[in-house]
Amino acid sequence: MATPTRPAPSPAALLIYPATLLLGSLFSVISPVARATRDSSLRLPKSAAPLAPSLAADLHLSENPVNYFARKNNIFNIYFVKIGWLWTTVAFVSLLLFQPAYRASSSLSQAQQQTRVRRALQAFLRYAIATTIWYLMTQWFFGPAIIDRSFLVTGGKCEEVMERAGKMDLGGSPSTQVETLFSAAACKAAGGAWRGGHDISGHVFMLVLATALLAHEAVGAGAFSAFSASNRADGDSARERKASDPVVSGPMNEEPDSGLARKWSLRLVWGVVGLGWWMLFMTAIWFHTWLEKVSCS
Ligand SMILES: CCCCCCCC/C=C\CCCCCCCC(=O)SCCNC(=O)CCNC(=O)[C@H](O)C(C)(C)COP(=O)(O)O
Ligand SMILES: Nc1ncnc2c1ncn2[C@@H]1O[C@H](COP(=O)(O)O)[C@@H](OP(=O)(O)O)[C@H]1O
């Protein structure tokens, strides 16, 4: 019986992302609460009203929007999304450590051990590639991150700071000045307003990348465990399997206590994926224009 060990999730599953953004955008248009938030923000004093076409800030400037998730300081934004790659890393490492698909153990044959080490290395490579992409897009790309550079290229700038810089010498080395003016975080920290360009959502980008990476890995690892468990139950057919066959190299000799860690690592991963999806949905409802959201997914 040849059952694939790690069936690849269908690419069609990725449609959940545009569907989520579409649903969130529709909700933001038809929900009375979302509309009330928008109306109240439009009644803000002119000095507080942004001049740029970006709706990200325009619609949600009020200090305390009606909906908790429309607040930038909501607990999930601060302790989950803002350090989202840390959560992704922890969840991913827990998979590598505790899922039988990647775990080499002395009770396995040498061929089985090699298969698992190879799988773990491949998974780590996927994580490293995703981490590099996240880093270059949102944190640093030989200076400002790609998202910040695309904002500048499309006409955005750090408004108040640019004006001040025009009037006085900012001091510091030229590279310090560039950092101050040309990255969203540095601009906001310097009291400037990051306005005027196409502001690709870092939240949408990171949440899509992180949840897709984790879900893809968890589906594969979970399927391996389920397949192995069904083989353990079916003792006769399990004994017929070749140890060297990567398709059937299940954790027949798994230590009893590793089952708990295996379950909890999957729960952690699906928890991160679930909360990540929810925050993506919240970003779709309360933050950014439609174009800014879809341009990064
Ligand atoms: C060419 C450079 C390549 C560098 C990458 C090399 C990859 C090597 C592979 C593996 C090595 C392991 C390294 C471990 C990395 C651990 C990652 C972290 O934990 S970083 C610390 C936590 N920080 C975050 O999670 C930040 C997440 N937040 C954001 O990215 C942003 O806040 C946002 C994009 C979500 C929103 O942006 P904002 O401007 O609106 O705040
Ligand atoms: N789901 C969410 N919950 C709370 N704040 C969010 C959010 N999605 C985006 N934001 C906020 O909206 C702004 C634009 O984010 P992004 O460009 O990454 O989508 C950021 O504000 P700050 O930069 O003031 O923190 C971010 O914190």
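**Figure 1. Helix H6 spans residues 110-138 of the predicted model.** H6 has 29 residues, and its first and last C-alpha atoms lie 42 Å apart. That is close to the 42 Å expected at 1.5 Å a residue. Several H6 side chains belong to buried residues, among them the polar or charged Gln112, Thr115, Arg116, Arg119 and Thr131. Ala120, Ala123 and Ala130 are also on the buried list of H6. So are Tyr127, Trp134 and Met137. In an α-helix, residues three or four places apart point the same way, because there are 3.6 residues a turn.

**Figure 2. Helix H5 and the loop that leads to H6.** The 15 residues of H5 should span 21 Å at 1.5 Å a residue. The end C-alpha atoms of H5 are 21 Å apart, which agrees. Buried residues of H5 include Gly84, Trp85, Thr88 and Ala91. Phe92, Ser94, Leu95 and Leu96 are buried in H5 as well. Tyr102 sits in the loop between H5 and H6. Is Tyr102 buried or exposed? Tyr102 is buried, because its relative accessible area is 4%, and the cut-off for burial is under 20%. Ser31 is 71 residues from Tyr102 along the chain, and the two C-alpha atoms are separated by 46 Å.

**Figure 3. An aromatic pair joins H5 and H6.** The protein has 15 aromatic pairs. One of them is formed by Phe92 and Tyr127. The ring centres of Phe92 and Tyr127 are 5.3 Å apart, with 35° between the planes, and the pair is tilted. Phe92 belongs to H5 (residues 84-98) and Tyr127 to H6 (residues 110-138), so the pair ties together parts 35 residues apart in sequence. Phe92 counts as buried at 1% relative accessibility. Tyr127 counts as buried at 14%.

**Figure 4. Phe151 and Trp194 form a stacked pair.** The centres of the two rings are 4.5 Å apart. The angle between the planes is 20°. Which elements does the pair link? Phe151 lies in helix H7 (residues 146-153), and Trp194 lies in strand S2 (residues 194-195). These distant parts of the chain are 43 residues apart. Both Phe151 and Trp194 are buried.

**Figure 5. One disulfide links strand S1 to helix H10.** Cys158 and Cys187 form the bond, with sulfur atoms 2.0 Å apart. The link of Cys158 and Cys187 is right-handed, with 90° about the S-S bond. Cys158 is in S1 (residues 157-158) and Cys187 is in H10 (residues 184-189), so the disulfide ties together parts 29 residues apart in sequence. How accessible are the two cysteines? Cys158 counts as buried at 1% relative accessibility. Cys187 also counts as buried, at 0%.

**Figure 6. Helix H13 and the residue that follows it.** H13 covers residues 258-286, which is 29 residues. The helix reaches 42 Å from first to last C-alpha, close to the 42 Å expected at 1.5 Å a residue. His288 follows H13 and has a positive phi, near 75°.

**Figure 7. A cluster of aromatic rings, and a charge over a ring.** Ring pairs link Tyr68, Phe69 and Phe76 with Trp277, Trp278 and Phe281 in one cluster. In a separate close-up, Arg267 lies over the face of Trp264. The distance of Arg267 from the ring centre is 4.7 Å.

**Figure 8. Phe142 in the loop between H6 and H7.** What is the phi of Phe142? Phi is near 50° for Phe142, a positive value in a residue other than glycine. Phe142 counts as exposed, because its relative accessibility is 62% and the cut-off for exposure is over 50%.

**Figure 9. The protein as a whole, for orientation.** The protein has 14 helices and two strands. Buried residues make up 41% of its 297 residues. Of the contacts between residues at least 6 apart in sequence, 73% join residues at least 24 apart. The protein exposes about 15600 Å². Carbon and sulfur atoms supply 67% of that area.

Key:
Residues are numbered from 1 along each chain as its sequence is written. Chains are lettered from A and ligands numbered from 1 in the order in which they are written. This is a predicted model: local features need pLDDT of at least 70, side-chain atom pairs count only at pLDDT 80 or more; totals for chains, interfaces and linings use all residues. Side-chain values use heavy atoms; hydrogens and water are left out. Helices (H or I, at least four residues) and strands (E, at least two) are DSSP runs, numbered from the N terminus. Buried means under 20% relative accessible area, exposed over 50%, partly exposed in between (1.4 Å probe, protein chains only). Contact means heavy atoms within 4.5 Å. Accessible areas come from the Shrake-Rupley method with a 1.4 Å probe; for residues, only the protein chains shown count as cover. The expected span of a helix is 1.5 Å times one less than its number of residues. Rings of Phe, Tyr and Trp (its six-membered ring) pair if their centres lie within 6.5 Å; planes under 30 degrees apart count as stacked, over 60 as edge-to-face and the rest as tilted. A charge sits over a ring if NZ of Lys or CZ of Arg is within 6 Å of the ring centre and within 35 degrees of the ring normal. A disulfide is a pair of cysteine sulfur atoms within 2.5 Å.
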